[in-house]
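Here's a quick tour of a model, starting from one residue and working outwards. Keep the viewer open as you read.

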Amino acid sequence: MNFARIFKDWILVFSMAAGVLGYFAYVNIPFLEPTHDVVREAVEIVQPLLIFVMLFLTFCRVNPRRLRLCGWHLRLLLVQCGLFALFAALTVALPRGGLRVVLEGAMLCFVCPTATASAVVTRKLGGSAAHITTYVILVNLAVALLVPAVVPLVHPNPDLSMGSSFLLILGKVFPLLLLPLVAAILVRYLSPKLHFALSHYPNLSFYLWTVALALAIAMTTRSIVHSRLELSAELGLVGVSLASCLAQFWLGRRIGRRYDDAVTAGQAFGQKNTVLAIWMGYTFFTPATAVVGGFYCVWHNIVNAWQIYRYNRRREGE
């Protein structure tokens, strides 16, 4: 019973540890060496599918009639997209090297959409689940358009024009972020019984996330092992993930406070879909940048645990 409770409380830690240990165990088994390329290609297919399914299950629990636009949504979107564009401009201006990779990591941290599980944490902190769910949809739409427009500038493909690169990346990102919403709406109105069944298994999305997180951490570990980056650049990626995490929670709360919604805005800006960040890192950026998603996952879960602890202590004192 105690083990089950410990496993439930620390399941994300176990998931990340499983990703690291699983990778090293797999690559050190000699007779599995011929399968390395096949497994890597399979993971690259499974990873976006898991992200799609997690978003789909999350949106199945969203009632469109309860979605609400509020004042901080636009402000936060402008800040998030503006910071991403700023770091992209700085990255393009720099030559290839460690500092450029660190700035790419910062780009990932700021462009990454809000986590699908953010509504759960927001509700525990006394925020508005409807407001943050609305922001999840808005930021997914923004990222689906912004990433294909900016990434070809940072990583131009000599064999493709800007337009072709935009369409290629759009074809990977847009369906992944927006089709789950369309599919959830269609299921809601075309098959109410199936929608009811899917929306009444709230933990399914969470457990799928633990599987996706383990795979993402394994891919991140692979990127680090095969990386030729200097140690200073790798430490820079760790540092930028921490700095951007703290900055986004602080900025979100500061903007939300003007609308009496500091908790919700803070979670919307600070709590990220880190599995998606890791996937985007090794798919569209320098593969080593995927490490920022793994470390950001650690930092934002520490911040969330601290916030929930403070909130519960405050309520106990009332």
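## V173 and its helix

V173 sits in helix α8, where helices are DSSP runs of H or I with at least four residues, strands are runs of E with at least two, and numbering goes from the N terminus. Bear in mind that this is a predicted model: local features need pLDDT of at least 70, side-chain atom pairs count only at pLDDT 80 or more, and totals for chains, interfaces and linings use all residues. Residues are numbered from 1 along each chain as its sequence is written, and side-chain values use heavy atoms, with hydrogens and water left out.

With a relative accessible area of 2%, V173 is buried; here buried means under 20% relative accessible area, exposed means over 50%, and partly exposed is in between, using a 1.4 Å probe and protein chains only. Setting aside residues up to four places away in sequence, V173 touches V143, A144, V147 and F284, where a contact means heavy atoms within 4.5 Å. For a sense of distance, the C-alpha atoms of V173 and A233 are 27 Å apart, with their positions 60 residues apart along the chain.

## K172, one step back

K172 is also placed in α8, which covers residues 162–190. K172 is partly exposed, at 43% relative accessible area. Beyond its neighbours within four places in sequence, K172 is in contact with W279, T283 and F284. So what do K172 and V173 have in common among their contacts? F284 turns up for K172, and F284 turns up for V173 too.

On the distance side, K172 and Q47 lie 125 residues apart along the chain, and their C-alpha atoms are separated by 12 Å.

## Helix α13 and G281

How many of the 11 residues of α13 are buried? The count is 10, so α13 is largely enclosed by the rest of the structure. The buried set is T274, V275, L276, A277, I278, W279, M280, G281, Y282 and F284. Two of those names, W279 and F284, are among the contacts of K172.

G281 belongs to this helix, which spans residues 274–284. G281 counts as buried, with 0% relative accessibility. Neighbours within four places aside, its contacts are L108, T286, P287, T289 and A290. The C-alpha atoms of G281 and V225 are 15 Å apart, for a gap of 56 residues along the chain.

## T210 and α10

T210 is found in helix α10, residues 202–226. T210 counts as buried, at 10% relative accessibility. Here's a link back to α13: the C-alpha atoms of T210 and V275 are separated by 9.5 Å, although the two residues are 65 apart along the chain.

## S244, then the loop after α11

S244 lies in helix α11, residues 231–257, and counts as buried at 3% relative accessibility. A polar atom of the S244 side chain is 2.8 Å from the backbone oxygen of V240. Leaving out residues up to four places away in sequence, S244 touches C109, F110 and Y296.

Is D260 buried or exposed? At 74% relative accessibility, D260 counts as exposed. D260 is in the loop between α11 and α12 (262–270). Its backbone is worth a click as well: D260 isn't a glycine, but has a positive phi of about 55°.

## The whole protein

Zooming out, the protein has 14 helices and 0 strands. The 318 residues would give a compact globule a radius of gyration near 20 Å, and the protein's 20 Å agrees; that radius is taken over C-alpha atoms, and the globule rule is 2.2 Å times the number of residues to the power 0.38. Along the principal axes, the C-alpha atoms fill a box of roughly 55 × 50 × 45 Å. Buried residues make up 47% of the 318. Among contacts with a separation of 6 or more, 80% come from residues 24 or more positions apart.

The accessible surface is about 16,300 Å², and 68% of it belongs to carbon and sulfur atoms; areas come from the Shrake-Rupley method with a 1.4 Å probe, and for residues only the protein chains shown count as cover. As for charge, the mean positions of the 26 positive and 13 negative charges are 14 Å apart. Lys and Arg count as positive, Asp and Glu as negative, and His and the chain ends are not counted; each charge is placed at NZ of Lys, CZ of Arg, CG of Asp or CD of Glu.

Conventions: Polar contact = N/O pair within 3.5 Å; in protein donor to acceptor, adjacent residues only side chain to side chain.
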